[in-house]
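Trainee: Please take one helix packing site in this model and go through it closely. I would like to know what the site is made of, how its helices are set against one another, and how the rest of the model looks beside it.

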Amino acid sequence: MPERTALLVLGLGNVLCGDDALGATAVHLLQRDFRAPEETVVLDGGTLGLSLLPLIQDAERVLMVDAVRHAGAQPGALVRLEGDQIMPAVRERLSVHQIGVADLLDGARLLGCCPPNITLLGLVPEDLGLGVGLSPAVERAMPTLVATIVAEARALGFEFVPRPYDEKSSRMDDARDVASVLGLWRPGC
Amino acid sequence: MPHVVVDPITRIEGHLRIEAEIDGGSVRNAWSSSTMFRGIEIILKGRDPRDAWVFTQRICGVCTTVHAIASIRAVEHAIGANPPPNARILRNLIIGAQCVHDHVIHFYHLQALDWVDLVSALSADPAKTASLAQSLSDWPLSGRAYFTDVRNRLKDFVSGGRLGPFANAYWGHPAYKLPPEANLMAVAHYLQALDFQRQFIRIHAILGGKNPHLQSFLVGGMATPVDPDSQNALNLGTIAELNKLVASARDFVTRVYLPDILAVASFYKDWGGIGAGVGNYLSYGEYPEDDSPNPTMYLPAGVILNRDLTKVGPFQPDKVSEYVKHSWYDYTGGDDHSLPPFKGETLPNYTGPNPPYERLNVAEKYSWLKSPRYNDNPMEVGPLARMLVAYGHGRPARAKELIDKTLKTLGVGPGALFSTLGRIAARAIETQVIVEKMQDWINALAENMARRDYRICDNSKWDPSTWPAECWGAGFHEAPRGSLGHWVHINNGAIANYQCVVPSTWNAGPRDVAGHPGPYEQSLVGTPIAKPDQPLEILRTVHSFDPCMACGVHVLDNERREIVKVRAV
């Protein structure tokens, strides 16, 4: 059953905490609007932390999408971290899931199988308070974030192809999962 | 130790803060506070009850399935849906898998390093470690070469200066008692448990879809099709795969986890007399074995008061209520009375200090957790409560047998169960009981398939027009951490009120209106503290409850001056 994933796009964050939903929102928008290439996996990892270890271990490359706090940056600003920048960021709490993500990456490292290529893409959040829905600044930046993920994947050799409109609408009737409950499948958004 | 300020906005389930007064080398008084507001109740008001589980599943990153289970049970109870046998069996398998997975992870990754000294492990002799491991179990990964490799890997990890999960610990603390070889063996098993988790968690993909959040729950049953003739359903191939995963988990629990618990416990028998707590235990019962309205539970429900195992009372749902006298909420009728969850209110009123702060005013409100009580008694919930209720009932027989065997091996009486050590042992015993039982559920699923019973859902109540205009439901579940209840009030098809009473609220809640401490608070009283600036002993007891959160521990000396502030994960 173990099979290698060439690229894992992993949204992180708690969908019940305002802008912390931006990682999950981005991956659901990506799934809604693009056909993912065969060898990629796109997932909303929530706040599962260490439970995501098998997914990370099975991946050659990982694109994590997350809310990232960044001193001096405006809410909605795009942040990109890679390589050695990631562990300090998750450890120094620039990311809001410091415990889960740090534990996750440490676990992978301890087992000697941390994927060499992890990139963290994110936006600076405005409001992480309890509640469903993104702040206007972050909502406005979502298309940029999704486009950045697509561009990042393309640079790595993975082409996410835009879905035709009718395919988007048919997918809106899919499972009553968290994306539909959060209103991410509404037409035309 | 680093001085770390507790961050109040961590997304992982919220912080726990313990304040303890140390006097004459032991804890005189302790207060438990959750510093994060949980307001799922507010988010759910007005929404479709059939969607509630999708939201509750996201309350906590560690216990996703458990809030989904409690939620669908509550809504089914309210609207009168009756899930068919396959749904019950699939849910039992999911609940069992979560229990086995969480317990193993809890011991090795959240608890073991309170008892196992990593630094001492670095000086262990691999050959002696191999002899020790081979004397305890016939688990194959126990050779000298293997332990040499583990020791070298650890040395690299530690010398790299990136301690990761091993940072913020009290290496070399005098309360560590294991010889270096036992420490190295335990650390090796810490690494093997990561690998165990990686394999076993694939059971979720089979039962709940590829997404790491299970998608297969449904009010009325499950959304996982059962059909031996379909590639995209649970079929004979799936059954074979389930058999394999469960057999391998059983192997790990039988040959690594349980032997490790016995080996470690034998060095810490004094902890069989520390950390007892309130002495009252509650279990809602779990793993329904039939499809009647009041099914027999494989792990029975029950109530034990004052440690009296000869009298296990029945669980009566209407005896559950919650106080907010010391919680940052208001009740519209005043804070001197408790409210049952169906009439529960979630009106936040934060009166605590602005973070970062030195200490809480524990004479007033001091926690975001309410104080749940059963017939006005504080109750401990969790694996120890479930195993004590099983022990008192004498069923399941396997639980009683394993408890007796463990007590005999360690040479202690049943009184040692009421302790920090008892809590840790009960968790391992429960894991063994459940991983064995999972095989029966897989077999039952296969038998239903052979009989061509493919029903997975009762759709008769899906349409809200079939519901009463107003209805109420309670969903009870024994999550790995303990008793979880969701209460829902539905009005004209929408959620009018929703209340969750979670295991950590039972265990970590503050004092009630009568001043009675909650289980964490009580369990810490009398705990010996060797070094007040390194309160390892407090962590041992708090971690034995399996708190589902990062834990900020604050220790005060008897003048209530703060000595140290540490973060422990």
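Mentor: A term is needed before the helix pairs: a crossing is right-handed if the near helix is turned clockwise from the far one by less than a right angle, and left-handed if it is turned anticlockwise. The model is a predicted one, and the part to look at is the surroundings of B:Ala425, a residue of helix H13, which spans residues 420–450 of chain B.

B:Ala425 counts as buried because 29 C-beta neighbours lie inside 10 Å of its own, the cut-off for buried being 20 or more. Apart from neighbours within four places in sequence, the contacts of B:Ala425 are B:Ile261, B:Ala265 and B:Thr406. A further point of reference is B:Leu258, 167 residues away along the chain, whose C-alpha atom is separated from that of B:Ala425 by 8.3 Å.

Take first the pairing with helix H12, residues 397–410 of chain B. The axes of H12(B) and H13(B) come within 10 Å and cross at roughly 140°, and the two helices are therefore oblique to each other. Their crossing is right-handed. On the H12(B) side, the residues that meet H13(B) are B:Arg398, B:Ala399, B:Leu402, B:Ile403 and B:Thr406. On the H13(B) side, the partners are B:Ala425, B:Ile429, B:Gln432, B:Val433 and B:Glu436. By type, the residues of this contact come to 6 nonpolar, 2 polar and 2 charged.

Now the pairing with helix H10, residues 236–267 of chain B. Here the axes of H10(B) and H13(B) also come within 10 Å, crossing at roughly 165°. H10(B) and H13(B) are therefore roughly antiparallel to each other, and this crossing is left-handed. The contact of H10(B) with H13(B) is made of 18 nonpolar, 5 polar and 2 charged residues.

Elsewhere in chain B, helix H6 (residues 126–136) has B:Thr129, B:Ala130 and B:Ala133 among its buried residues. Viewed down the axis of H6(B), the buried residues fall within an arc of 100°, so they line one face of the helix. The background is that an α-helix has 3.6 residues a turn, so residues three or four places apart point the same way. The cover over the buried residues of H6(B) includes helix H7 (144–159) and helix H8 (180–200) of chain B.

For a residue in another burial class, turn to B:His77 in helix H3, residues 64–79 of chain B. B:His77 is partly exposed, because 19 other C-beta atoms lie within 10 Å. Leaving out neighbours within four places in sequence, B:His77 is in contact with B:Gly473, B:Ala474 and B:Gly475. The C-alpha atom of B:His77 is separated by 53 Å from that of B:Glu181, which lies 104 residues away along the chain.

Last, the other chain. Chain A has 7 helices and 7 strands, running from the N terminus as β-α-β-β-α-β-β-α-α-β-α-β-α-α. It has 189 residues, of which 49% count as buried. Of the contacts in chain A between residues at least 6 apart in sequence, 79% join residues at least 24 apart.

How values were computed:
Residues numbered from 1 in each chain as written. Chains lettered and ligands numbered in written order. Predicted model: local features only at pLDDT ≥ 70, side-chain atom pairs only at ≥ 80, totals over all residues. Helix = DSSP H or I, 4+ residues; strand = E, 2+ residues; numbered from the N terminus. Buried ≥ 20, exposed ≤ 12 C-beta atoms within 10 Å, placed from the backbone. Contact = placed C-beta atoms within 7 Å. Axes fitted to C-alpha atoms, helices over the stretch in contact; angles between N-to-C directions. Parallel < 35°, antiparallel > 145°, perpendicular 65-115°, else oblique. Nonpolar A, V, L, I, M, F, W, Y, C, P; charged D, E, K, R; others polar. Arc of directions from axis to C-beta.
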